[in-house]
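Thank you for making the time this morning. I would like to walk you through one structure, going slowly enough that nobody needs to have seen it before.

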Amino acid sequence: MKAFVMREIGETAIVEKERPEPGPMDAIIEPTEGLICTSDCHTVHGAIGERENLTLGHEVVGVVDEVGSEVEHFEEGDRVAIGAITPDWNSLAAQDGHPSQSNQALGGWKFANVKDGTFAEYVHINDADGNMAKIPEGVTDHEAAYVADMLSTGFAGAERGDIPMGGTVAVFAQGPVGLMATKGAELQGAGRIIAVETVPERKELAREYGATDVVDFGEVDPAEEIMDLTDGEGVDVAIEALGADETFQDCIKVAKPGGTVSNVGYHGEGEFRHIPRAEWGVGMSEIDIVNDLCPGGRLRIQRLLRLLDQGKVDPTKMTTHEFEFDDIQEAFEMMETKEDGMIKPLIHF
């Protein structure tokens with residue numbers, strides 16, 4: 001089969017690999033649609049260290065090609081969505097309520113980390129009953145591809161922030177995760193949502209997804225502007241959706257005493273993140289700092305698919321480009337630079 005791989009740090013290619021085989025609790029799917037994530041670019045540039053001929057990708061939907069002998073809920077031909085994070089559901093971390101961390105820190109993150117990812121003609125799914133969900137008839141494969149990561153991660157930013165009904169929220173960066181955090185904040189009942197972004201198309205999408213205010217960080221200091229907009233009070237929840245030291249600090253600066261900083265950004269560079277001492281109340285402002293790794297699992301995916309089926313959110317507005325699998329190298333290179341206003345590229349298998 002063909003697979004798009006990271007040969008080594010800084011180098012990618014389409015290569016031939018052996019078709020995977022399922023264990024008793026696993027499945028093999030044949031992908032139909034997939035999405036490229038910026039975190040794939042981080043991986044290729046060494047964010048998680050050396051990898052050799054590792055298949056990239058973690059956002060995919062497809063059709064079940066084969067199931068293991070112990071799989072109960074799926075059969076050949078089922079149209080399914082798979083989480084980007086595929087936990088071991090019998091792990092102690094899962095039993096303790098943290099399945100994304102199964103067996104080690106970030107242990108639920110398997111695709112394109114510790115096992116081959118989803119940019120291939122066949123994909124292996126561990127613990128299939130726990131990590132796949134059937135796609136409703138009313139949901140397209142294009143829509144469903146977004147539940148793997150962008151909806152789950154972005155919405156988690158809002159959920160972990162525990163937004164009070166009518167509360168105030170600032171979302172730093174309006175890439176795909178930030179846009180879904182903005183939409184998630186709206187669905188959570190936020191009364192005011194301040195989106196931070198400078199790219200015109202992303203600013204427009206932020207408003208479509210529920211932002212009541214947009215702060216352009218290319219024109220003003222975003223933390224100062226948010227404090228002005230809130231009459232010096234700050235926000236109930238600040239969501240970091242970029243993964244940068246500066247935006248993390250800004251979240252601390254704008255979170256009100258007793259508020260929450262909810263981090264869903266991928267911090268792929270640098271050894272440390274800094275906390276501004278004064279705005280943190282010299283360590284005693286009662287600001288909670290929480291984070292999450294893209295919740296996965298069949299129940300989570302089913303709930304997200306339900307939102308799509310009921311028309312509560314349309315993630316396909318973020319799809320700016322479409323490519324055939326044979327052209328994935330070009331798509332990947334464009335995603336690295338965000339060339340031609342790229343937000344999210346859809347890959348047709």
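Let me begin with a term: a residue is called buried when its relative accessible area is under 20%, exposed when that area is over 50%, and partly exposed in between, using a 1.4 Å probe and protein chains only. What you see is a predicted model, in which local features need pLDDT of at least 70 and side-chain atom pairs count only at pLDDT 80 or more, while totals for chains, interfaces and linings use all residues. Residues are numbered from 1 along each chain as its sequence is written, and side-chain values use heavy atoms, with hydrogens and water left out.

I will start with strand β10, and by helices and strands I mean DSSP runs numbered from the N terminus, helices being H or I of at least four residues and strands E of at least two. Strand β10 covers residues 192-196, and four of its five residues are buried, so the strand is largely enclosed by the rest of the structure. Which strands lie alongside β10? Two strands are said to pair if DSSP finds at least two bridges between them, and strand β9, residues 168-172, pairs with β10 in the parallel sense over five bridges, with T168 standing opposite R192. From β9 the chain passes through helix α6, residues 176-187, to reach β10, in a β-α-β crossover that is right-handed, meaning that, with the strands pointing away from the viewer, the path from the first strand over the helix to the second runs clockwise. Strand β11, residues 213-215, is joined to β10 by three bridges and runs parallel to it, and here I194 stands opposite D213. Helix α7, residues 200-208, completes a right-handed β-α-β unit with β10 and β11.

Several of these elements return in the largest nonpolar core, a nonpolar core being a set of buried Ala, Val, Leu, Ile, Met, Phe, Trp, Tyr and Cys residues joined through side-chain atoms within 4.5 Å. This core has 43 residues, and among those that touch the most other members are L151, V169 and M180. Elements giving two or more residues to the core include β9, α6, β10 and α7, and α6 provides the largest share, five residues.

Now to the other sheet I want to show, which is open, has three strands in the order β2-β1-β4, and is paired antiparallel. Strands β2 (11-16) and β4 (54-55) stand at the edges with a single partner strand each, so one side of each has no neighbour in the sheet. Strand β1, residues 2-8, is joined to β4 by two bridges, where M6 stands opposite L54.

Finally, the structure holds 19 salt bridges, each a side-chain nitrogen of Lys or Arg within 4 Å of a carboxyl oxygen of Asp or Glu. In one of them, D326 meets K2 at 3.2 Å, N to O; D326 lies in the loop between β15 (319-324) and α11 and K2 lies in β1, so the pair ties together parts that are 324 residues apart in sequence. Another joins D65 to R19, with the closest N and O atoms 2.3 Å apart. D65 counts as partly exposed because its relative accessibility is 23%, and R19, at 25%, is partly exposed as well. Are D236 and K256, which meet in a salt bridge of 3.1 Å, N to O, buried or exposed? D236 is buried, and so is K256.
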